[in-house]
Amino acid sequence: MKRRIYRILGMAAVAGMTLATMSCTDYLETDKYFKDMQSIEHVFENKDNTNQFLAYVYSRLQGDNVEIGHSDICPTNFCDDQTFNEGDNGQRYRQFKLGEYGPGYNLYNTWYQQAWPWSYAAIRQASIFIDNIHPTEDIPEAEATDLRGQARFLRAYFYWLLIKKYGPVPLMPESGADYTKSYDELSFPRNTYDECVEFIDKEMKKAATELPMTRDNMSIARPTKGAALAVRAKVLTYAASPLYNGNTEFADFKDKNGRQLISQTYDESKWAKAAAACRDLIEYSEANKVYRIYTASRRTSANDEARPVTITPPTCEPYSSRNFPDGWADIDPFESYRSVFNGELLATENPEVIFTRGKNADNTDSKTAYGISDLVAHQLPTSLGGYNIHGVTQKQCDAYAMADGSPYDRSKLEEWYEGQEFTTATNGNLHPYDHLRNNGVWLGYANREPRFYASVAYSGSVWNGLSSKDLIYRNLQIFYYRGEADGRVNANERWCNTGIGVMKYVHPDDSWRGTDATIRMKLEPTLRYADILLLYAEALNNLTATYEIPSWDGSKTYSISRDVKEMHRVVMPIRMRAGVPDYSDDVYANQKKFFEAIVHERQIEFFGENQRYFDIRRWKIAPENESEQIYGCNTLMNKEHAHEFYQKVRVPNLQTSFSRKQYFWPITYDELKRNKNMTQAPGWQDYD
């Protein structure tokens, strides 16, 4: 083994291609394990030291690398589907939507700068770990193999996080950059996007041979074999997508030697490779019964308002008479969907989550955390002690289908509800497919598909807050009219600027007001089985020929083509869990119609999961979606003018636009100064 000395406490970690000195003491409590300087040999002879070395790599998954969390660290979770009002009444949201987060803008100096240096620091540390981990007296060979697989997975995963945001990035030497070299020697140029994908592909396949099938609850945030296969499938699907596959719009994205970094020639076989990778995960899961779409059983009696009797979807045969996954006869679609996200399930009880960061930066003080529990705190209304500053856009609200699966159509409300606008004690027969209270809830929110009620906090929603021992803070019905406790205010930013709140991730227990009130810890659904199923259908839809593609381990060869039967098979469980009919045969038969269906399905199924921002970019449909103005309710109206409140209006001060530069994030000024071979993403300011 080559002997090298590395600084462990106060480590000189190469952040990207820089020599930025970084102290580990901010992120790990390693004092009891490490002296100021230790040899690599000594570190990896001790089990505690070895685990702490790897723990540093895991720690870089936090901060700006969290994938679902507070807008301070995860602005990409807010696309054309939801807003945040924090930061001078939404100023930071406006700046983000206008692309004002690169060099020369205020956001550049304050926000969203950690992802690049943290990822590369983790990549370097993981490379050292992979090179040096070995069996010892305290670390059996099987455990050493697992630890190596974890580090390999993490190294590739950090590259995935980087290319998802920045596009093509530099691939570091696999043994780690030698920080004793000169600046010039550490100036690595960007690799092509395809080269980055090939590296991740190779590493995830290798990690899949080193990682175990499952983890216990104490190790649930560590990757498994399935996680490696799933990330590989997702990466290959992105690589096949229009942004990266034959994208001549980015012919000017080059390195300093003129090498084009994004493929200029469309290659359909990339879709076949992506489909095969998805199939790898699906067949592995089916053979070993590892992952499945989670469902909750029908509830025939109600314990309380928070856990109502199952609403049976409108009759639609054959689905109404068949059990899941061929129908919804034996499941509760509403409870099935919301329980995946709201903390109802323990990690080991959630068979849909393939990879997770676990509690996702949560701690016992939700006020200082930045993960999903903190996200919920910002969604909770003021009446429950929340910040009340996240909103669903009218576009997203209207995207949810009716209970029978038909599109929502505002123009038909008068016809549907016989000229009535609000629920009353006598018109319950007009809305049998929801749990709206019969006391003035707008009927535009009636009879919607179950995912709507699990995701959208419409005006008139009930927030249960059951953790509070004070009954006055339980089962509160919240309206967003001006003048109400949770409506628009002029004095501060704590009001829902679209008049439509966010219910996703909220558990019936969640509250911040009253005795013992608390917010449940949430499991970050970083990568779900539903995602792989829809990606598989999408990849198949893009094929016009048949391809022979080997499986990930070479044990078999798949014949991959646009197989409508396969597309049906993998989309069905998601639609059935949602309690809505499968798509018609003419949709499956038409490539364009099916693509539009997938775009819509992903918008609904993955709302609030940091997917849509990247989806509409990889599909190259961001210009028409991101540049649309933000609409919501007319929050200036009070309850006396409730009719006008629900009129669709442009939300004041939430301008938005989209320019080509917003496909990729900018490289920081400091990195460009340090690395003479680094090129800026097109459209962003460079410093040559």
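This is a chat about charged and aromatic side-chain contacts in a predicted model.

Student: How many salt bridges are there in this one?
Tutor: The count comes to 52 salt bridges.

Student: Ok, which residue does Arg612 pair with?
Tutor: Asp80, with 2.6 Å from N to O in that salt bridge. The pair links distant parts of the chain, 532 residues apart. Arg612 is in helix α19 (residues 612-618), and Asp80 is in the loop between α2 (47-59) and β3 (82-84).

Student: Are those two buried or exposed?
Tutor: Arg612 counts as buried because its relative accessibility is 7%, under the 20% cut-off. Asp80 is at 4%, so it counts as buried too.

Student: What does Arg618 in that helix do?
Tutor: Arg618 meets Glu538 in a salt bridge, 2.8 Å from N to O. Glu538 sits in helix α15 (residues 529-541) and Arg618 in helix α19, so this pair ties together parts 80 residues apart in sequence. Glu538 is buried at 2% relative accessibility, and Arg618 is buried at 1%.

Student: And Arg259, where is its partner?
Tutor: The partner is Glu195, with the closest N and O atoms 2.9 Å apart. Glu195 is in helix α7 (residues 193-210), while Arg259 lies in the loop between α8 (225-240) and α9 (269-288), so parts 64 residues apart in sequence are tied together. Arg259 is partly exposed, at 35% relative accessibility, and Glu195 is partly exposed at 25%.

Student: Which residues are linked in a network of salt bridges?
Tutor: Glu352, Glu449, Arg451, Lys504, Arg528, Arg575, Arg577, Glu601, Glu605 and Glu609.

Student: You listed Lys504 there. Which ring does Lys504 lie over?
Tutor: Tyr505, with Lys504 over the face at 6.0 Å from the ring centre. Another case is Arg660, whose charged end sits over the ring of Phe250, 4.9 Å from its centre.

Student: Switching to rings, how many aromatic pairs does the search find?
Tutor: It finds 51 aromatic pairs in the whole structure. One of them is Phe84 with Tyr93, at 5.2 Å centre to centre.

Student: Why is that pair called edge-to-face?
Tutor: Because the planes of Phe84 and Tyr93 are 85 degrees apart, and over 60 counts as edge-to-face. Phe84 is buried, with a relative accessible area of 0%, and Tyr93 is buried at 0% as well.

Student: Which rings are linked into a cluster?
Tutor: Ring pairs join Tyr400, Phe422, Trp442, Tyr445, Phe452, Tyr453, Tyr458, Phe479, Tyr481, Phe645 and Tyr646 into one.

Note on methods
Residues are numbered from 1 along each chain as its sequence is written. This is a predicted model: local features need pLDDT of at least 70, side-chain atom pairs count only at pLDDT 80 or more; totals for chains, interfaces and linings use all residues. Side-chain values use heavy atoms; hydrogens and water are left out. A salt bridge is a side-chain nitrogen of Lys or Arg within 4 Å of a carboxyl oxygen of Asp or Glu. Helices (H or I, at least four residues) and strands (E, at least two) are DSSP runs, numbered from the N terminus. Buried means under 20% relative accessible area, exposed over 50%, partly exposed in between (1.4 Å probe, protein chains only). Rings of Phe, Tyr and Trp (its six-membered ring) pair if their centres lie within 6.5 Å; planes under 30 degrees apart count as stacked, over 60 as edge-to-face and the rest as tilted. A charge sits over a ring if NZ of Lys or CZ of Arg is within 6 Å of the ring centre and within 35 degrees of the ring normal.
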